[in-house]
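Got your viewer open? Let's take a walk through this structure, one selection at a time.

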Amino acid sequence: METQRILMRSLAVVVFASVIWTITESAGDIKLINCCKVVSRLTREQFTDPIIGFRLLKQELPCVKAVVFKTERGEFCLHWRLRWVQDEVKLFRAQRNMTSTPPPASSISKLTPVGGSSQSTDRS
């Protein structure tokens with residue numbers, strides 16, 4: 001009986017470890033750039049990958065200020081002063097603003113006191 005308990009605990013540890021290892025391995029495929037030491041000055045015609053997202057990186061030595069464009073092939077550091085890069089960033093921001101949900105119309109409760117009164121205004 002004790003042997004079965006030890007085997008079950010060992011099996012649970014092995015399963016848990018394999019799940020953690022699998023998650024860690026799959027997360028390893030995603031390489032996020034958090035520092036650009038060199039930026040590209042490609043033209044828009046040279047940068048042919050479809051852009052699916054972007055991030056702005058500040059200058060913190062040894063890293064330089066950059067725009068990181070996310071594509072299906074990975075992330076690329078581009079010079080933030082390139083006109084086409086600025087245009088793409090503006091385009092993404094405009095699209096994000098158009099798709100964001102509007103704020104709620106009002107968050108005032110029907111039980112909001114008016115003129116010091118705390119009585120309900122609901123007359124249903």
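## Start at the pocket

The residues lining the largest pocket split into 7 nonpolar, 1 polar and 4 charged. Keep in mind as you click around that this is a predicted model. To see the lining, select Leu 56, Leu 57, Lys 58, Lys 65, Ala 66, Val 67, Trp 80, Val 85, Gln 86, Val 89, Lys 90 and Arg 93. The space they surround has a volume of about 190 Å³.

Now colour by secondary structure. Strand 1 (53–57), strand 2 and helix 2 each give at least two residues to this lining. Which element gives the largest share of the lining? That would be helix 2, with 5 residues.

## Two residues in the lining

Select Arg 93, which sits in helix 2. Is Arg 93 buried, partly exposed or exposed? Its relative accessible area is 40%, so Arg 93 counts as partly exposed. Leaving out residues up to four places away in sequence, Arg 93 touches Phe 54 and Leu 56. Try a distance label here: the C-alpha atoms of Arg 93 and Phe 54 are 9.8 Å apart in space, although the two residues are 39 residues apart in sequence.

Next, hop across to Leu 56 in strand 1. Leu 56 is partly exposed too, with a relative accessible area of 46%. With the same neighbours set aside, up to four places away in sequence, Leu 56 touches Ala 66, Val 67 and Arg 93. For another distance label, pick Leu 56 and Phe 69: they are 13 residues apart in sequence and 8.9 Å apart from C-alpha to C-alpha.

## Into the core

Time to go inside. In soluble globular proteins, nonpolar side chains tend to be buried together. Here, select Phe 47, Ile 51, Phe 54, Val 67, Phe 69, Leu 78, Leu 82, Trp 84, Val 85, Val 89 and Phe 92, and you have the 11 residues of the largest nonpolar core. Strand 2 (66–71) and helix 2 (83–99) each supply at least two of these core residues. Helix 2 gives the most, with 4 residues.

Some of these names may ring a bell. Val 67, Val 85 and Val 89 belong to this core, and they also line the largest pocket.

Stay in the core and click on Trp 84. Which residues is Trp 84 in contact with, leaving aside neighbours within four places in sequence? They are Leu 42, Thr 43, Arg 44, Phe 47, Ile 51, Phe 69 and Leu 78. Apart from this largest core lies another one, of 5 residues, including Cys 36, Ala 66, Val 68 and Cys 77.

## Follow the sulfurs

Those cysteines lead to the next stop. How many disulfides does a search of the whole structure find? There are 2.

Show Cys 35 and Cys 63 as sticks: their sulfur atoms are 1.8 Å apart, and the two form a disulfide. The torsion about this S-S bond is about -110 degrees, so the disulfide is left-handed. Cys 35 lies in the loop between helix 1 (2–28) and strand 1, while Cys 63 lies in the loop between strand 1 and strand 2, so the pair ties together parts that are 28 residues apart in sequence. Cys 35 has 26% relative accessibility and counts as partly exposed, whereas Cys 63, at 12%, counts as buried.

Now switch to Cys 36 and Cys 77, which a disulfide joins with an S to S distance of 1.9 Å. Here the torsion is about -75 degrees, so this disulfide is left-handed as well. Cys 36 is in the loop between helix 1 and strand 1 and Cys 77 is in strand 3 (residues 74–78), so this pair ties together parts 41 residues apart in sequence. Both Cys 36 and Cys 77 are buried. If you number the bonded cysteines in sequence order, the pairing reads 1-3, 2-4.

## A bend to look for

Select Leu 61 and Pro 62. Most residues other than glycine have a negative phi, and most peptide bonds are trans. The peptide bond from Leu 61 to Pro 62 is cis, with omega near 15 degrees. You'll find Pro 62 in the loop between strand 1 and strand 2.

## Zoom out

Finally, show the whole cartoon. The protein has 2 helices and 3 strands, and from the N terminus on its elements run α-β-β-β-α. Of its 124 residues, 19% count as buried. Among contacts between residues at least 6 apart in sequence, 44% join residues at least 24 apart.

Note on methods
Residues numbered from 1 in each chain as written. Predicted model: local features only at pLDDT ≥ 70, side-chain atom pairs only at ≥ 80, totals over all residues. Heavy atoms only, no water. Core = buried A, V, L, I, M, F, W, Y, C linked by side-chain atoms within 4.5 Å. Buried < 20%, exposed > 50% of the residue type's maximum accessible area, 1.4 Å probe, protein only. Contact = heavy atoms within 4.5 Å. 1 Å grid on protein atoms, 1.4 Å probe; cavity = no way out; pocket = protein on both sides within 12 Å on 5 of 7 lines; lining within 4 Å. Points joined across faces, edges and corners; volume = space filled by probe spheres on them. Nonpolar A, V, L, I, M, F, W, Y, C, P; charged D, E, K, R; others polar. Disulfide = S-S within 2.5 Å.
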